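Open the model in your viewer and keep the selection panel at hand. The tour goes from a cavity to a pair of helices.

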Amino acid sequence: MEGGLHWEPEPWGPPGSSLASVLKELPSAATIRYRGPGVLPWGSLEEEEEKDGGRSIQAFAGASQMEQETHPSRELPWPMQARRVHRKNQAGQHGAYSSQSRVGHWARLLTRGQEKMKAGLRGLQPWAWTVKRIGGQFGGGTKSYFSLLRFLLLLNVLASVLVACMVLLPTWLQGTPPGPPGPNASSSCGSYSPHASGLASFASQLFNLLSGEGYLEWSPLFYGFYPARGYLGVTYLCSVFASGLLCLLLILRRSVSGLKQTLLAESGALTSYSHRVFSAWDFGLSGAVHVRLRQRNILYELQVELEEAEVRRRAKARTLGQQARVWLVRGLLNLLVMALLGAAFYGVYWVTEETGRLQEKPLVQQAPLLQLVVSYVPSIFLSTVNVVLPPVFNLIGQLEGYTRSHQIVLILIRTVFLRLASLLVLLFSLWSQITCGGNAQAPECKDCGYNYKELPCWETRVGQEMYKLLLFDLLISLAFALLFQFPRKIFCGLCPGPLGRWAGTLEFQVPDEVLGLIYAQTVVWVGSFFCPLLPLLNTAKFVLLFYLKKLTLFSTCSPAARTFRASMASFFFPLILLLGLVLSAVPVLYSIFLIQPSKLCGPFRGKESIWAQIPESIRTLPRTAQNFFFFLGSQAFAVPLLLISSILMAYTVALANSYGRLISELRRQIETEARNKVFLAQRAVALGSENRPL
């Protein structure tokens, strides 16, 4: 079309200047080296490329060559293709220089082996495609729950393997374990007869299965079954410590890897929107399904950023009076939360005490069904509190006016405090029964160091309580899904109109579900010493729970209207799990070091304490080994170790502070450069509009 508008670039700005020369003066032109080798400066015209392209390419290639020689490829901010070329060049040069070196050859083989091993381990991850699909359809927050479930499954599998190798195998290698004590067997600490005489009815068998008593009480499931012979006590203790140390290391590794993502996301070092738009896409994807899943993931991440930016914008717009009113509301709501938590703790303690009194009544002892119900009263009350209060905390969190990610953190802190503290209150009530309220001079505890009349094998009793908590938690999950969620979805599907769609739509409550996992795992950590096969039972429970939650998610749930950062979940969830591990270690270590073991059951019978088995076993070793182990437990080893650890910690803190100051300075420079770029770009646009008529 001849009459159409035709734009021709004309010289603008000062005489003799061009668009390319002006763009070269911008601060962004200084970042050209970040675009990799072989890329011309921004704003270069084709005519200029034809004239002096050879000189610019040679000069830039020289600069790129110098940068290649001094920096590894992963430290160069280049595109991925340029990094691959650089890496291949470095590998070729390294091969030429070290072709005669066997050390370099073996180092390359070791690196390749490590890469192949990592790839193989990633391929062994169960449910990888399912977790990826959940993340694409329901967001990173929901995906984090299933990733945590898979991680806990790994911990329980490893713990089960340790128990099988260090407890079960030595027990049977030394011969068939002895049977339970007879009804006439007695000692100065009373008698213990776990098996009831006569034929057991179906109700009694069901009661034994659900309570861990009867035929299960004297089985490999509980502590009292294992005999006191050989080095079984040492391997029993070592399996507990090895399992706890392994869980600690894996949780710390997961927390550190998630901390990097969390700090990067929360620091604001990257522009959130541009980072996701220009850097979040995976160009290695193949297939329409994978592409759609990745698109949904980016969509959920952008949705989180927009929601949190809106909340922060409203918070900045508040006046002083509005801010004071918000803090007043938050203070009152926190007082309400503390009152609810206090009432829950007192209720758990009162119910546990009353249950012990009810079990002693003849009416309860004569009715197996009533005895089963009474034995489950603490578990029922604890599960009821854990079901009722978290939704109340969720409602309180919405009234406080925080961002969604901040709300999730507060809900998790309050709920985990409720669940774990309630568990500790239950354990405290049990320990008060075992130790006669801490009164070693009480008639029931004076002879044996524990209440042998009511609890002849107190370790098995604690294991039975943890077994009941685990089993009842699984039954609650099954009942809630089968009796509430699926019937609600079916019933609301029969109701036409918006009412049926609204009533049938459920959101997957990530905080409640995550706390359920952490609570169940904490119960297992507490009970694994008293019930060695509890990790194996929890493994089966988590496998069943994964498929149940997956079916519930895809059948009855819809994507959450408000999501939260997946980076926060990758760090904060393992941190709460670490808190559960630390709290679970308190009652276990207290039992090992301070309470006398039962005299009639278990591998530590007849000892002053459970830990006393370790020094006795060390004394049977050769003299050199004895000196070494006793030196590890002496002050001559502990004091230098403490000093060295303190020095290393102080050095690490100082190094972190220096890095923090450097990062702050670089961040200020980036902000200054960004303002300069905006100003110069606006100036260039203004000059161009004045000197370029259409």
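Helices here are DSSP runs of H or I with at least four residues, numbered from the N terminus. The model is a predicted one.

**Stop 1: the largest cavity.** A search of the whole structure finds 3 cavities of 30 Å³ or more. Go to the largest, which holds about 70 Å³ of space. To display its lining, select Thr352, Thr355, Gly356, Gln359, Ser375, Pro378, Leu426, Leu430, Gln433, Arg461 and Glu465. Colour the selection by class: 6 of these lining residues are polar, 3 nonpolar and 2 charged.

**Stop 2: the helices around the cavity.** Now select 320–359 (H11), 404–434 (H15) and 458–493 (H16); each of these helices supplies at least two residues of the lining. Which helix gives the most to the lining? H11 does, with 4 residues.

**Stop 3: H11 against H14.** Keep H11 and add H14, residues 377–399. The two axes come within 10 Å and cross at roughly 175°. Angles over 145 degrees count as roughly antiparallel, so H11 is roughly antiparallel to H14.

For the contact, show the side chains on both helices. On H11, select Val329, Leu333, Leu336, Val337, Leu340, Leu341, Ala344, Gly347, Val348, Val351, Thr352 and Thr355. On H14, select Val377, Pro378, Phe381, Leu382, Val385, Leu389, Val392, Phe393, Ile396 and Leu399. The contact has 19 nonpolar and 3 polar residues, and no charged ones.

**Stop 4: back to the cavity.** Select Thr352, Thr355 and Pro378 once more: these residues are in the cavity lining and also in the contact of H11 with H14.

Methods: Residues numbered from 1 in each chain as written. Predicted model: local features only at pLDDT ≥ 70, side-chain atom pairs only at ≥ 80, totals over all residues. Heavy atoms only, no water. 1 Å grid on protein atoms, 1.4 Å probe; cavity = no way out; pocket = protein on both sides within 12 Å on 5 of 7 lines; lining within 4 Å. Points joined across faces, edges and corners; volume = space filled by probe spheres on them. Nonpolar A, V, L, I, M, F, W, Y, C, P; charged D, E, K, R; others polar. Axes fitted to C-alpha atoms, helices over the stretch in contact; angles between N-to-C directions. Parallel < 35°, antiparallel > 145°, perpendicular 65-115°, else oblique. Contact = heavy atoms within 4.5 Å.
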